[in-house]
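Welcome! Please take a moment with the sequence and the model below, and then let us walk through a few places together.

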Amino acid sequence: ARVSWTNCFGGMDTSDGGAADCLSMKGFSHTHLTLADGAVVHIYNLHGEAGGSERDQELQAADYEQLADYITEHSKGAAVILAGDTNLHTDNEHPDGSDGADIGIWDKFLEATGLADSCAATDCDDPGRIDKFAFRSGDGVDLEILGRRFRTDFVDSAGEDLSDHQALEVRFGWKPT
């Protein structure tokens with residue numbers, strides 16, 4: 001399933017303070033991964049609203065509530081892995097973090113869904129990065145993180161990054177419960 005955010009803010013002319021989010025297919029997708037023993041993990045991929053204006057912050061909060069409601073409805077009790085560009089700056093250093101508002105949005109989302117942030121689960125040293133993984137065990141599947149790192153080898157022939165973000169790799173192990 002592919003679900004767009006209910007609203008967006010910012011078009012081609014960014015003089016309104018928007019981050020041109022209405023020009024992109026932002027939202028989330030959801031699928032199921034069947035493991036070797038037939039157990040199922042629900043997989044979510046997301047791309048969050050960007051920017052740090054008051055309107056961006058309102059929409060980010062609404063978007064993560066929309067996603068939490070969807071996970072509650074479609075993945076109740078299931079093991080879940082969620083990954084993507086959250087556009088949430090969960091440190092107090094980036095100006096788009098709105099003085100901790102992004103931290104509050106992310107924490108509220110994690111609490112509502114029962115997901116754990118992969119950074120917190122691994123004591124990483126870069127909690128403010130906007131690309132994130134979150135996960136939970138459920139329905140007979142116990143998930144654990146085996147490794148987490150930002151990849152530096154996704155480059156073109158000139159050595160330039162292929163994206164404006166380094167790829168985040170999280171390796172999971174699982175066992176039946």
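## The largest pocket

In this predicted model, 12 residues line the largest pocket. Those nearest its centre are His89, Asp91, Gly128, Arg129 and Ile130.

How much room is there? The volume of the largest pocket comes to about 170 Å³. Sorted by class, its lining is made up of 5 polar, 4 charged and 3 nonpolar residues.

## Gly140, in a loop

Next, find Gly140 in the loop that runs between strand E6 (131–136) and strand E7 (141–150). Is Gly140 buried or exposed? Neither label fits: its relative accessibility is 27%, so Gly140 counts as partly exposed, since buried means under 20% and exposed over 50%.

Now look at what surrounds this glycine. Setting aside neighbours within four places in sequence, Gly140 is in contact with Lys175, Pro176 and Thr177. You can also look across to Gly38: it is 102 residues away from Gly140 in sequence, while their C-alpha atoms are 10.0 Å apart in space.

## Arg148, in strand E7

Our last stop is Arg148, which sits in strand E7. Which side chains does the side chain of Arg148 meet in polar contacts? One is the side chain of Ser118, at 3.2 Å, and another is that of Asp126, at 3.1 Å.

Ser118 and Asp126 also appear among the residues in contact with Arg148 when neighbours within four places in sequence are left aside. That list further includes Cys119, Thr122 and Cys124, along with Leu168, Glu169 and Val170.

Methods. Residues are numbered from 1 along each chain as its sequence is written. This is a predicted model: local features need pLDDT of at least 70, side-chain atom pairs count only at pLDDT 80 or more; totals for chains, interfaces and linings use all residues. Side-chain values use heavy atoms; hydrogens and water are left out. On a 1 Å grid over the protein atoms alone, a cavity is a set of points where a 1.4 Å probe fits but cannot get out, and a pocket is an open set with protein on both sides within 12 Å along at least five of seven lines; lining residues have an atom within 4 Å of a point. Grid points are joined across faces, edges and corners, and a volume is the space filled by probe spheres set on the points. Ala, Val, Leu, Ile, Met, Phe, Trp, Tyr, Cys and Pro count as nonpolar, Asp, Glu, Lys and Arg as charged, and the others, Gly among them, as polar. Helices (H or I, at least four residues) and strands (E, at least two) are DSSP runs, numbered from the N terminus. Buried means under 20% relative accessible area, exposed over 50%, partly exposed in between (1.4 Å probe, protein chains only). Contact means heavy atoms within 4.5 Å. A polar contact is a pair of N or O atoms within 3.5 Å; within protein, one must be able to donate a hydrogen and the other to accept it, and residues adjacent in sequence count only if both atoms are side-chain atoms.
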